[in-house]
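Q: I am new to this structure and would love a close look at one part of it. Could you walk me through a pair of packed helices and then show me what surrounds them?

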Amino acid sequence: MKKIVSLILSVFVIVSLFCSVGCGKKYDATLIVYNWGGPYMAEGSNDSIDINKMFEERYNVKIKYRTYDSNEAMYAKLKNGGAEYDIIIPSDYMVARLIEEGLVEKLDFSNIPLFESNIMDNFKNPTYDPTNEYSVPYSWGAVGIIYNKEVVKEEVKSWDILWDEKYKDNVLMFNNSRDAFMVAQTMLGYSQNTTNKDEIKAAADKLSEQKSVVQGYYMDEIYDKMINEDAAIATYYAGDALVMMEENENLAFAYPEEGTNRFVDAVCIPKGSKNKKYAEMYINFLLEAEIALANSEVTGYCTPNSAAFELLDEDTKSNKIMYPDDEYLKKCESYIHLPSEINTYVQELWINIKTEG
Amino acid sequence: MKKAFSKIYLSLVYLFLYAPIIVLIVFSFNESKSKSHFSGFSLKWYIELFEDELIMTSLFNTLILALVSSVIATLIGTMAAIGIYSMKKKSRSAIMWVTNLPMVNPEVVTGISMMLLFVAFSSIFGIQQGFYSVLIAHITFNLPYVILNVLPKLYQVNNNLFEAALDLGCTPRQAFFKVIIPEIMPGIFSGFLMAVTLSLDDFIISYFTSGSDFQTLPVTIYSMLRKQVPPSLNALSALLFVAVLAILLISNITAIRKEKAEMKR
Amino acid sequence: MKNRALAIPHIVWALVFIVIPICFVLYFAFTDDSGAFTLMWVGQIGKYWGVFARSLKLALIATVICLLVGYPMAYIISRCNWLTQRTLTMLIMLPMWMNFLLRTYAWMTLLERNGIINNFLESIGLISEPLKMINTEGAVVIGMVYNFLPFMILPLYNIMVKIDNSLIEAAQDLGCSFPSVLRRVLFPLSVPGIINGITMVFVPAASTFVISQKLGGAKNMLIGDLIDTYFMGGEPNFHVGSMLSLVLMLIILICMAFMNQDDEEVML
């Protein structure tokens with residue numbers, strides 16, 4: 001018995017020594033970056049450069065990188081008060097909500113000089129942050145349908161292919177209520193931001209109709225499933241779709257003719273950040289042309305950064321998946337923050353969809 | 001005939017238990033990212049695993065947490081076992097009932113109840129969840145297992161032993177440390193081991209009580225399973241498997257040797 | 001060596017970190033946002049009875065399968081010589097020590113539509129269309145059985161190893177057939193192990209949320225998923241979450257009390 005204990009203890013000691021060798025360096029501060037879980041930053045995976053390493057070396061500030069898979073999951077972590085993050089990158093409507101609930105800090109733009117020069121004018125003072133005091137746009141994109149050409153031989157033009165019995169058990173759907181309801185509401189011709197409960201109920205009914213066709217509700221797991229051809233059609237964000245298409249050439253992407261959601265993700269500093277100044281330096285760092293370019297290339301999302309846009313090659317600029325033409329963008333809508341009564345109603349309906357049957 | 005049936009049955013169940021693990025290990029050597037097609041041998045996922053800072057710090061966190069929480073739980077639990085042993089039946093069963101609660105309660109419920117406590121903590125005292133909250137949670141669910149391992153040993157101790165030690169000139173303190181503690185040591189050891197194991201393996205309670213910074217390995221694995229799963233996770237499984245196998249083998253071999261030696265005597 | 005005071009740290013600890021948290025659950029379950037007493041969340045629970053029923057059903061199926069598979073297993077192991085017994089129980093424990101998320105992940109790669117099992121069956125020509133395995137209730141049950149089977153086998157084995165072989169032989173010599181040995185001798189003697197095993201499988205199976213998410217595709221939420229959603233999801237509502245946890249806790253405690261009524265020792 002004694003031998004076992006001493007054996008376990010020595011394993012502990014060896015492993016802890018082994019681990020602590022790597023963590024010996026002293027840093028001035030630590031920033032916890034809480035970002036989307038797909039490849040949503042050039043942080044070394046998929047053979048990209050590691051911008052966090054660069055930041056660590058340049059400013060002697062340690063970066064801890066954590067991920068979430070939906071705005072809602074991130075919100076819950078912040079709201080529950082148990083967490084301390086320094087950088088978050090929520091989408092437009094969530095930025096508005098965080099501002100309204102006082103969960104984000106006002107930014108000191110004197111620490112973010114690149115904002116003035118590098119951010120495109122039409123991304124300044126957005127509706128979600130009208131006075132532009134809390135957020136700096138990071139990327140933008142739209143939602144569409146990614147599908148496998150080997151299975152889906154027809155042309156994908158409408159959301160209703162996600163309801164097609166032909167593809168039963170071959171469809172993956174968003175596992176977050178906002179995006180899932182957006183699909184149904186757009187199909188039915190409603191606004192994505194409707195507060196009319198009858199319209200929301202109709203969208204929920206549409207979604208329950210779809211349930212028998214759906215194989216499962218997923219977020220970032222969609223990557224593995226589509227690349228591995230475990231499903232033929234999925235709803236997802238355009239940038240991620242481009243990343244998937246690079247790994248499996250059978251995959252293709254289409255924007256539905258009914259229109260879709262267009263989103264902007266913006267960098268914010270949550271309330272309670274202990275290193276606000278360093279966090280602002282980090283935001284400024286993200287705005288540097290090369291860094292923003294690297295991020296845009298890795299994530300597959302469009303950049304609101306004019307300096308980075310200049311550096312993009314012509315192929316990318318003319319890529320209709322990344323940069324859909326203005327004609328189509330007119331059909332798109334952006335989310336706005338809805339009253340909490342509507343949010344609760346939507347969540348209730350969404351849980352009902354996933355629990356019935 | 002019956003023997004053959006037993007053998008076939010055993011092998012089938014073991015196949016069921018081990019096939020998934022073997023598949024995981026095989027694909028940790030896959031050259032490509034695919035999880036269903038083996039395209040060639042490579043060790044690159046192992047290299048990637050060791051370069052993954054998040055996994056490495058989480059592993060370190062898990063080990064430290066398991067060690068600290070089990071040591072504290074063993075201390076408090078052993079003391080508690082002696083205290084409970086000295087009590088009258090009524091108060092004893094009341095305390096045991098409360099102690100056993102985290103053991104019989106579903107883990108989700110224990111997890112969220114502690115999370116509610118820590119959320120209140122952070123809003124009243126401004127202390128964020130982190131190492132301390134996970135540590136408290138782990139000690140709490142480890143305690144009943146330590147107590148349940150020590151208590152039966154105490155009942156086995158011959159009461160006269162303590163008296164004899166006193167008669168031979170021991171102070172009560174000496175008698176306690178030199179006579180009683182060695183008698184119940186096997187119970188303390190097995191309680192400690194159980195606490196380490198449970199703490200290493202726990203996901204649900206850590207998931208609800210860990211904050212932003214302090215992540216244990218299971219929590220990290222969970223967050224990795226929610227996105228594109230890197231094959232380095234397979235490499236991690238393989239290494240964990242080998243480590244556990246080694247520990248179990250060594251401990252069993254020493255135990256077997258000991259038993260054999262005793263049999264000869 | 002009697003010293004009741006030694007239990008004090010533990011009693012304080014248990015009060016602060018076991019009793020108070022449970023009080024928090026009770027508090028949230030019976031108050032509204034302003035902190036006033038309310039019974040409205042009880043009504044909210046009503047619409048989730050189907051979820052409770054599904055969770056208990058799947059957990060029950062998994063428990064029964066574990067018992068049916070585990071009982072003979074434990075018996076066979078307990079009749080081997082001691083060296084084999086040691087090796088075999090070690091082999092049962094080994095997967096248990098691997099992280100349970102990794103074990104669940106292993107089944108994901110096996111059961112996928114384009115996964116290993118489907119690929120294998122297709123390559124030997126047994127099927128032409130991939131079988132639907134992942135994201136079904138069956139997959140969730142497999143995940144539960146796989147993860148919790150050792151928790152059934154070990155307590156059963158611990159009891160059976162104490163049953164003397166001569167007892168079984170005596171019964172057989174007296175003309176008992178094997179089924180009646182099983183019914184009259186083995187089964188009654190192994191009841192504590194059965195109860196222990198059932199609890200250790202049923203409780204985690206009924207409250208899981210990882211297995212249903214990973215192998216069930218979030219299509220049919222279980223009670224654990226629901227609690228997870230209300231605490232960690234987009235519209236956190238601690239009140240409903242606490243009420244759900246409370247009901248789950250009561251169901252489990254009632255089941256346990258029911259099972260343990262003629263066997264007090266198991267609880268201790």
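Is the crossing of α3(C) and α7(C) left-handed or right-handed?

A: Happy to help! Please keep in mind that this is a predicted model. The crossing you ask about, between α3(C) and α7(C), is right-handed. To find the two helices, look in chain C for α3 at residues 49-78 and for α7 at residues 137-160. Their axes lie 7 Å apart, and the angle between them is about 40°. An angle under 35 degrees would count as roughly parallel, so α3(C) and α7(C) are oblique to each other. As for what meets in this contact, its residues comprise 24 nonpolar, two polar and one charged.

A second pair, this time in chain B, makes a good companion. Here helix α7 (residues 159-167) packs with helix α8 (residues 172-201) at an angle of about 130°, and the axes are 9 Å apart. That angle makes α7(B) oblique to α8(B). The crossing of these two helices in chain B is right-handed. On the α7(B) side you will find Leu161(B), Phe162(B), Ala165(B) and Leu166(B), which meet Pro172(B), Ala175(B), Val179(B) and Ile180(B) of α8(B). By class, this contact has eight nonpolar residues, with no polar and no charged ones.

Now let us step back to see how chains B and C meet. In chain B, 64 residues are in contact with 67 residues of chain C. Several helices of chain B each supply at least two residues to the side that touches chain C, among them α8, α3 (53-86), α6 (131-156) and α11 (232-264). So α8, the partner of α7 in chain B, also belongs to that list. The residues on this side of chain B divide into 48 nonpolar, 13 polar and three charged.

Finally, a few words on chain A. This chain holds 15 helices and nine strands. Its C-alpha trace spans about 65 × 60 × 45 Å along the principal axes. A compact globule of 357 residues would have a radius of gyration near 21 Å, and the 22 Å of chain A agrees with that. The mean pLDDT of chain A is 91, with 92% of its residues at 70 or more. Among the elements of chain A, the lowest mean pLDDT, 62, belongs to helix α1 (residues 2-22), while the highest, 97, belongs to helix α7 (residues 197-210).

Key. Residues numbered from 1 in each chain as written. Chains lettered and ligands numbered in written order. Predicted model: local features only at pLDDT ≥ 70, side-chain atom pairs only at ≥ 80, totals over all residues. Axes fitted to C-alpha atoms, helices over the stretch in contact; angles between N-to-C directions. Helix = DSSP H or I, 4+ residues; strand = E, 2+ residues; numbered from the N terminus. Parallel < 35°, antiparallel > 145°, perpendicular 65-115°, else oblique. Left-handed = near helix turned anticlockwise from the far one by under 90°. Contact = placed C-beta atoms within 7 Å. Nonpolar A, V, L, I, M, F, W, Y, C, P; charged D, E, K, R; others polar. pLDDT = per-residue confidence, 0-100. Rg over C-alpha atoms; globule rule 2.2 N^0.38 Å.
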